[in-house]
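Me: I would like to learn how to read a structure like this one. Can you take me through it, feature by feature?

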Amino acid sequence: MSDLDDNCLFCKIIKGEIPSYKLFENDDVYAFLDISHVNPGHTLLVPKKHIVNLFDYSQE
Ligand SMILES: [Zn+2]
C-alpha cells in the first residue's frame, strides 16, 4: 500500500507491523482498540491512507 508512511505509527498498525486489536476493517478504514485505554472500549478509526491533516482527506 503506497498510501502509507513507513515512519507513521498508525500506518504501521494498518500494515500489521505493530500489533493491534482489530474491531473492523474494510478497504478504506481500520478500527482498533486504543492501547492507552482512555475509557474501556475506546476505539480508534483510521483511514487506510497516510493523512496528516483531516481536511486533506476526501469528503467521501
Ligand atoms: Zn500514517
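Reply: We will go through the sheet, the metal site and the pockets in turn. Keep in mind that this is a predicted model.

Me: Start with the sheet. How do strands pair in general, and what is the strand order here?

Reply: Strands of a sheet pair through backbone hydrogen bonds, in a parallel or an antiparallel sense. Here, 3 strands form an open sheet in the order β1-β2-β3, and the pairing is antiparallel. The edge strands are β1 (22-25) and β3 (43-47), each of which pairs on one side only. On average, neighbouring strands of this sheet are turned by 15° against each other, direction ignored.

Me: How many bridges join β1 to β2?

Reply: There are 3 bridges between β1 and β2, where β2 covers residues 29-33. These two strands make a hairpin, with 3 residues between them. You can check the register by residue. F24 stands opposite A31 in β2. E25 has Y30 of β2 as its bridge partner.

Me: And how many bridges join β2 to β3?

Reply: β2 and β3 run antiparallel and are joined by 5 bridges. One pair to look for is V29 with its bridge partner P47 in β3.

Me: What does C-alpha spacing show at the other end of β2?

Reply: Take L33, which is found in strand β2. L33 and T43 are 10 residues apart along the chain, and their C-alpha atoms are separated by 4.6 Å. Then take L44, found in strand β3. L44 and D34 are also separated by 10 residues in sequence, with 6.0 Å from C-alpha to C-alpha.

Me: Is β2 enclosed or open, and why?

Reply: In a regular strand the side chains alternate between the two faces of the sheet. For burial, count residues. β2 is largely enclosed by the rest of the structure, because 4 of its 5 residues are buried. L33 counts as partly exposed because its relative accessibility is 25%, and buried means under 20%. In β3, L44 is partly exposed too, at 23%.

Me: Now the metal. Which residues coordinate the zinc ion?

Reply: Start from the donor atoms. The zinc ion is coordinated by SG of C8, SG of C11 and ND1 of H50, at 2.0 to 2.3 Å. Next, read the spacing of these donors along the chain: C-x2-C-x38-H. C8 and H50 link distant parts of the chain, 42 residues apart. C8 lies in the segment before α1 (9-15), and H50 lies in the segment after β3.

Me: Why does C8 count as buried?

Reply: Its relative accessibility is 13%, so C8 counts as buried. H50 has 29%, so H50 counts as partly exposed.

Me: On to the pockets. How is empty space found, and how much lies in the largest pocket?

Reply: Rolling a probe the size of a water molecule over the atoms shows where empty space is left. In this model, the largest pocket holds about 190 Å³ of space. Its lining is made up of C8, F10, C11, I14, V46, P47, K49, H50, I51, V52, L54 and Y57. Among them are the zinc ligands C8, C11 and H50.

Me: Which elements give two or more residues to that lining?

Reply: They are α1 and β3. α1 gives the most, with 3 residues.

Me: What is the chemical character of that lining?

Reply: Sort the residues by class. The lining of the largest pocket has 10 nonpolar, 1 polar and 1 charged.

Me: What lines the second largest pocket?

Reply: The lining residues are D27, D28, V29, P47, K48, K49, Y57, S58 and E60. About 160 Å³ of space lies in this second largest pocket. By class, its lining divides into 3 nonpolar, 1 polar and 5 charged residues. P47, K49 and Y57 appear in the linings of both pockets. V29 and P47, two of the residues lining the second largest pocket, are the β2 and β3 bridge partners from earlier.

Definitions and conventions
Residues numbered from 1 in each chain as written. Predicted model: local features only at pLDDT ≥ 70, side-chain atom pairs only at ≥ 80, totals over all residues. Heavy atoms only, no water. Pairing = 2+ DSSP bridges. Axes fitted to C-alpha atoms, helices over the stretch in contact; angles between N-to-C directions. Donors = N, O, S within 2.8 Å, 3.2 Å for Na, K, Ca; no water. Buried < 20%, exposed > 50% of the residue type's maximum accessible area, 1.4 Å probe, protein only. 1 Å grid on protein atoms, 1.4 Å probe; cavity = no way out; pocket = protein on both sides within 12 Å on 5 of 7 lines; lining within 4 Å. Points joined across faces, edges and corners; volume = space filled by probe spheres on them. Nonpolar A, V, L, I, M, F, W, Y, C, P; charged D, E, K, R; others polar.
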